Amino acid sequence: MNGKNLKKKMKSISFRLPLLVILSSILIMLSIIPTIYFRVKNDMIEDYSSLGRGITNFMASDVDGDKVDEYISKNFEMDEYNQIIDNFHRLKENYPDVLYVYVYRYTKDGATVVIDIDSENGKLDADPPGTVLPIDEATLPYIDDFCAGRQTPAILGNTADGYLLSYEAPVFDSNGNYQCHVGIDFSMAKIKKQSLKMVASILTVIYVIMFMIMVFDVLMIKKRIIGPINSIAKCTHKFSYTTAKERMRNIQLMENLNINTGDEIEELYSDFLSVLKESVYYITNYGKAKLDIQDKEKTIGEIRQVAYMDSLTGLGNKAGLIKDTEQLKSDIASGNATFAVVMFDVNNLKYVNDTFGHEAGDAYIKNCSAMMSSEYSNSQVYRLGGDEFVVVLTGDEYVKRNEHYLRITKAFIKSYEQPDKEPFERYSASVGMSDYRQGDESFEQVLKRADEAMYEYKVKFKEKHGSYR
């Protein structure tokens, strides 16, 4: 596939619509990732908070609020203290998600270590009893609640031991006075990791479902939308409009598609088919109307031609001369006319008619007029009456009018002076010519001068060849 076809393919609905579905599905899947992640994370924090509440309640039942000062001063010397440490160890073993287990007494000055389950062995990460620790940044907003022994929510924040989720419960003495807090820490890194695993599992299921839906949508789009549209497009490529049979074939091809999707595509198909049928109807009627108009125009033309044409010679007649010289009238009125008139009178016509019959006379007239038309091939020759003809010269034939005049007169003289031919084959005509002159007020004035010049020519012809001619 070349670049042009690829570009065309990428612009087609068969490419863009499935691509839109795929991109929309991907966008939806990407958009739900943060939502799912934070929802899972919040749920896990809530679960760990509930777990922390239960564990700290259990821890608080082990710690005697009346002996907290003694725990701090004597600590490992007391069997009870060591028993609490053992209980806390077992608790930590039973709940591997618990990172730290401790008992702190909170004051404005800091947190005094009461119990740290790792301090019995002197490990580096343990704080010995009695150690006063600075208040963590995450705990500072709640320090008044801690000092007053009020229950606080689970606390998220950075501590000296990392980013933790801490849950602590207050412990009171027998008189109801605040003594300390039992607490546990969960690692947020671990919670985050578990959240991601949970999110990955959920997303995997969602992606599989979304993929199946996406594939189903693409297949349905191709079947219900793209397929029918492509069928219509391919069908139209086979259309031909030259003849009525081909136009009816177009309708048959479209009807054979038989698209029944029951939706807008079917409506589009039905509307297109209706428009196609109407267009064929109008084209057919238009063709008929066009033929009728052409026939009428032909008839009118024939009538007009008969009206302005001499029936014997096929040349223009007097009515044609009057029509064709209308423009000359305006040119004469404006003083911009440039034309000449040549007048002909066929010689010897009466003799031919009387001696050889009118059929020979008609042939004689036609052959004389043919010589006129041959000489003045770019101008219309008009027959005014029985033996009179006229030519109006413009353009190049006007410029060379004298050359044409000499040729036509010589041609008639040469034709006539052929003693070996029959009289009706010796064609002859008297010729007179006149130009338009400044001061002429009408075409008839120029025509009259040409007629007078032709008459003078005819007189000389008769003087030479006899008056009967």
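A residue is called buried when its relative accessible area is under 20%, exposed when that area is over 50%, and partly exposed in between. This report applies these terms to a predicted model, beginning with the chain as a whole and then turning to one sheet and a few individual residues.

**The chain as a whole**

The protein chain contains 15 helices and eleven strands. Of its 469 residues, 38% are buried. The accessible surface comes to about 27,400 Å², and carbon and sulfur atoms account for 55% of that area. Among contacts in the chain with a separation of 6 or more, 61% are between residues 24 or more positions apart.

**The sheet**

Strands of a sheet pair through backbone hydrogen bonds, either parallel or antiparallel. In this model, five strands form an open sheet in the order 7-9-10-8-11, and the pairing is mixed. Strand 7 (316–317) and strand 11 are at the edges; each has a single partner strand, so one side of each lacks a neighbour in the sheet.

Three of the pairings are set out below, each with one pair of residues that stand opposite each other.

| Strands | Direction | Bridges | Opposite residues |
|---|---|---|---|
| Strand 7 and strand 9 (residues 381–383) | parallel | two | G316 and Y382 |
| Strand 8 and strand 10 (residues 388–393) | antiparallel | six | V341 and V392 |
| Strand 8 and strand 11 (residues 429–435) | antiparallel | seven | A340 and D435 |

**Strand 8**

How many residues of strand 8 are buried? Strand 8 spans residues 340–346, and seven of its seven residues are buried. Both of its faces are covered. On one side the buried residues are A340, V342, F344 and V346, while on the other they are V341, M343 and D345. Along the sheet, strand 8 is joined to strand 10 by six bridges and to strand 11 by seven.

**S430 in strand 11**

S430 belongs to strand 11, one of the two edge strands of the sheet. Is S430 buried or exposed? Its relative accessibility is 0%, and S430 therefore counts as buried, since the limit for a buried residue is under 20%. Leaving aside residues up to four places away in sequence, S430 touches M343, F344, D345, N347, M454, Y457, K458 and F461. Among these, M343, F344 and D345 are buried residues of strand 8. With N347, the side chain of S430 makes a polar contact to the side chain at 2.9 Å.

**Two residues in helices**

Residues of two helices illustrate the other accessibility classes. I26 lies in helix 2 (residues 13–62). With a relative accessible area of 36%, I26 is partly exposed, because this value falls between the limits of 20% and 50%. I26 is also one of the residues that make a nonpolar surface patch of about 470 Å², together with F15, L19, I22, L23 and L30.

Q327 is found in helix 10 (residues 326–334). Its relative accessibility is 51%, so Q327 counts as exposed, the limit for this class being over 50%. Q327 and A337 are ten residues apart in sequence, and their C-alpha atoms are 9.5 Å apart in space.

**Summary**

The predicted model thus offers an example of each class: S430 is buried, I26 is partly exposed and Q327 is exposed.

Definitions and conventions. Residues numbered from 1 in each chain as written. Predicted model: local features only at pLDDT ≥ 70, side-chain atom pairs only at ≥ 80, totals over all residues. Heavy atoms only, no water. Buried < 20%, exposed > 50% of the residue type's maximum accessible area, 1.4 Å probe, protein only. Helix = DSSP H or I, 4+ residues; strand = E, 2+ residues; numbered from the N terminus. Pairing = 2+ DSSP bridges. Polar contact = N/O pair within 3.5 Å; in protein donor to acceptor, adjacent residues only side chain to side chain. Contact = heavy atoms within 4.5 Å. Patch = residues over 30% accessible without salt bridge, like charges linked within 9 Å, V, L, I, M, F, W, Y side chains within 5 Å. Areas by Shrake-Rupley, 256 points an atom, 1.4 Å probe, with all protein chains shown as cover. Salt bridge = Lys/Arg side-chain N within 4 Å of Asp/Glu carboxyl O.
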